[in-house]
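Have your viewer ready and the chain loaded. We will go from one selection to the next and look at what sits at each stop.

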Amino acid sequence: MSAQLVVGTQWGDEGKAKVIDYLSAEIDFIVRYQGGANAGHTVVVDGETYIFHLIPSGILYPNAICVIGNGVVLDPVAFTEEMEALRKRKIEPAGRIVISDACHIVLPLHRLIDEHRENAAGTKKIGTTKRGIGICYGDKTMRIGLRVGDLLNAERLKERLSHILEIKNRELRHLYGLPEAQLEPLLEMLLQFGQNVRGMVKNTSLYLNENLAKGKTVMLEGAQGTGLDIDFGTYPYVTSSNTTTGGAIAGSGIDFRYLKRVTGISKAYVSRVGEGPFPTELHGEAGDHLRKLGNEFGATTGRPRRCGWFDVELVRHAARVNGLTEIALTKIDVLSAYDTIKVGIGYKRGSETLNAFPTDGNLDNIEVIYEELPGWKKPIGHVLKFADLPKECASYIKRLEELTGVPIKVVSVGPGREHTIPL
Ligand code: IMP
């Protein structure tokens, strides 16, 4: 009778979906609680690669029910495309997806504004995925959002959408010089989408809590990472939702007392896509080398990811903010190429040693204190047991455990389900 949560401890792309897949074999409900089609969750099963954006990765387990929680922003176009892509691969999602009636809808105009703002921002851009995420969450907070429940009643939808367009069209025209959105085609598209998903829509908070009370199990699937959290990330270079444990509760509506386990996913090095501070970043050839070794290109946008060494201060921050009970360490096989491996163990600014990851978003003039550990220079993708890892690799894992203060319970040595070592 419990829920568990998987969250990213860095800037996203930590390999969450792979670990969620590994931990979810016996889970009844897999729940997305924030973000939207900005996410790119990659799972490799039997050599086949699946990339999910909105649909929880649990869809690969035929008995799991996938829930899109109230905290998610749902893009009808992206959702429909993803459903069709699954059907093409002989995975029938019908009957296995439940959507919260309180999910906000990403409109085409949200994407348009996101893209326009990014393109016009020059050096001030955030580096968003241009999926309209921040604009949609902005409208949610401004109370001019449209929700899934609104799509199920034609009269209510027309009234609400007319009001929203009155405001958004002024913004499109006057702020951005963009063409206005037309009511009728948008109304038609949204009504049609409402009809398509009508059978999937529920009060998902009630649904999940009732099932938890019956002894069913829930996996909460985080998107992005702690460094991208709207409150605890490197603001303003963040996404527009709470990616962390608090967001999981608010974005799913489950009774927090069911939450028994919080697994933080940490890549054995760090990557970041988009703008924003990254203290342990490797620049130039060193960064290119790590990117190539780890094949670090965005699953949603294809953008090259910035890469750097493991940052203990960032993961300690994630441990605090999320209440991590354990860590799953991913992609450690990528480091097999190095003679020595650096770990950022602390921050200095001038002569002052910082006692924590700064929450004011100001990471200017940070100097990282590094420790250098010996590499193992052997492939480890085939290893099935911790005891069979090269001793330098085992020491690297144990040192990260010591420095972060969180037990490492899973180590991933390759992309497939089978490349996973429990500790
Ligand atoms: P947005 O979420 O599209 O508004 O983008 C805001 C920031 O979050 C940008 O730096 C994006 O690159 C980053 N971001 C959003 N989604 C992901 C993700 O799934 N993985 C990694 N970075 C992401």
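Start by selecting L152, in the loop that links α4 (133–141) to α5 (154–175). This is a predicted model, and in it L152 is partly exposed, with a relative accessibility of 24%. Now show its surroundings: beyond the neighbours within four places in sequence, L152 is in contact with G194, R198 and V201. Add F193 to the selection too; 41 residues separate L152 and F193 along the chain, and their C-alpha atoms are 9.1 Å apart.

Next, go to R117, which belongs to helix α3 (residues 108–120). Its relative accessible area is 46%, so R117 counts as partly exposed. Once neighbours within four places in sequence are set aside, R117 has contacts with I135 and Y176. For a distance check, draw a line from the C-alpha atom of R117 to that of L183: it spans 23 Å, for a separation of 66 residues along the chain.

Now colour helix α1 (residues 16–23) by burial. How many of its 8 residues are buried? The count is 7, so the helix is largely enclosed by the rest of the structure. Select K16, A17, K18, V19, I20, D21 and L23 to see the buried residues of α1. Charged side chains are included in that list, K16, K18 and D21 among them.

The next stop is T280, in the loop between β12 (270–272) and α9 (284–294). Is T280 buried or exposed? T280 has a relative accessible area of 0%, and it is therefore buried. Show the side chain of T280 and the backbone of W309: a polar atom of that side chain lies 2.7 Å from the backbone oxygen of W309. To see what else packs around T280, display V270, G308, W309, F310, D311, G344, V368 and Y370, which T280 touches when residues up to four places away in sequence are not counted.

Three backbone details come next. A reminder before you look: most residues other than glycine have a negative phi, and most peptide bonds are trans.

- Select Y235 and P236. The peptide bond from Y235 to P236 is cis, and its omega is near 5 degrees. P236 sits in the loop between β10 (218–221) and α8 (245–250).
- Move on to K331, in the loop from β15 (326–330) to β16 (340–349). K331 is not a glycine, yet its phi is positive, at about 55 degrees. With 23% relative accessibility, K331 is partly exposed.
- Then pick N365, in the loop between β17 (352–353) and β18 (367–374). N365 also has a positive phi, near 55 degrees, in a residue other than glycine. Its relative accessible area is 67%, so N365 is exposed.

Finally, zoom out to the whole protein chain and switch to cartoon view, where 11 helices and 20 strands come up. Along the principal axes, the C-alpha atoms fill a box of roughly 65 × 50 × 40 Å. The radius of gyration is 22 Å, which agrees with the value near 22 Å for a compact globule of 423 residues. Of those 423 residues, 57% are buried. Among contacts between residues at least 6 apart in sequence, 75% join residues at least 24 apart.

Switch on the surface: the chain exposes about 17800 Å², and carbon and sulfur atoms supply 51% of that area. Last, colour by charge to find 51 positive and 51 negative side chains, with the centres of the two sets 1 Å apart.

Key. Residues numbered from 1 in each chain as written. Predicted model: local features only at pLDDT ≥ 70, side-chain atom pairs only at ≥ 80, totals over all residues. Heavy atoms only, no water. Helix = DSSP H or I, 4+ residues; strand = E, 2+ residues; numbered from the N terminus. Buried < 20%, exposed > 50% of the residue type's maximum accessible area, 1.4 Å probe, protein only. Polar contact = N/O pair within 3.5 Å; in protein donor to acceptor, adjacent residues only side chain to side chain. Contact = heavy atoms within 4.5 Å. Rg over C-alpha atoms; globule rule 2.2 N^0.38 Å. Areas by Shrake-Rupley, 256 points an atom, 1.4 Å probe, with all protein chains shown as cover. Charge placed at Lys NZ, Arg CZ, Asp CG, Glu CD.
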